[in-house]
Amino acid sequence: MFAEVHLALYVGEPERAWRTIDSQWRAFFRSTQRRITLVGLDAVTRRGRCALAAATHGIEPARTLQVAERAARALRREPASAAGPMALLLSAGIAQVRGDSETAVRALLDAARASDDLDMRLYAALARRQAGTLLAGADGAELRAGADRFLSSQRIARPERMLEVLLPGFTPA
């Protein structure tokens with residue numbers, strides 16, 4: 001299920017990603033797998049991403065945005081260190097969908113710093129790239145250029161697709 005939803009997001013099919021994870025969520029939630037900390041965190045994060053991507057594209061926007069908000073809240077409550085940056089990234093996308101770019105930029109920059117602290121360099125770069133896209137002027141261009149250099153060094157040929165997968169909420173509907 002998890003690989004399938006990431007693939008759907010990557011190829012620009014947020015509705016398929018959302019329908020897949022939503023249709024299988026109850027079964028996963030009842031399984032013992034969710035009790036494994038990293039698996040549970042990953043599942044909540046992916047569900048939040050799929051819901052946010054769906055909301056961004058106008059797919060059940062009230063429900064999917066609510067699911068994304070619940071995922072962000074759940075991640076904020078988690079003691080695992082990686083949950084913090086994931087919650088911030090979801091919160092940034094939620095703010096953007098709600099039309100609050102200023103809050104989105106703050107959350108993105110906070111997520112980038114938190115990701116750096118945990119050596120989660122891909123997430124840090126993507127957060128900075130998206131913040132740079134939202135910011136005007138030289139500051140935005142500098143953030144974006146630095147992120148693009150990192151992404152290029154990692155041989156990521158289509159950063160916009162990685163953004164759709166790992167940082168949804170910024171593509172216009």
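**A buried arginine and a helix pair**

Arg49 is buried (under 20% relative accessible area, using a 1.4 Å probe and protein chains only) yet makes no salt bridge, meaning a side-chain nitrogen of Lys or Arg within 4 Å of a carboxyl oxygen of Asp or Glu. The nearest side chain of opposite charge belongs to Asp42, and it is 5.2 Å away. Keep in mind that this is a predicted model, where local features need pLDDT of at least 70 and side-chain atom pairs count only at pLDDT 80 or more, while totals for chains, interfaces and linings use all residues. Residues are numbered from 1 along each chain as its sequence is written, and side-chain values use heavy atoms, with hydrogens and water left out.

So what does Arg49 touch, leaving aside its neighbours within four places in sequence? Its contacts (heavy atoms within 4.5 Å) are His6, Met86, Leu90, Tyr123, Val165, Leu166 and Pro168. Arg49 itself sits in helix H3, residues 37-56; helices here are DSSP runs of H or I with at least four residues, numbered from the N terminus.

Tyr123 also turns up in helix H7, among the residues that meet H6. The axes of H6 (residues 101-117) and H7 (residues 121-134) come within 8 Å and cross at roughly 155°; axes are lines fitted to C-alpha atoms over the stretch in contact, with angles from 0 to 180 degrees between N-to-C directions. That makes the two helices roughly antiparallel, a label for angles over 145 degrees.

Now look at Val105 in H6. Val105 is buried, at 9% relative accessible area, and touches Ala131, Leu134 and Leu135, not counting residues up to four places away in sequence.

Methods:
Buried means under 20% relative accessible area, exposed over 50%, partly exposed in between (1.4 Å probe, protein chains only). Lys and Arg count as positive and Asp and Glu as negative; His and the chain ends are not counted. Angles under 35 degrees count as roughly parallel, over 145 as roughly antiparallel, 65 to 115 as roughly perpendicular and the rest as oblique.
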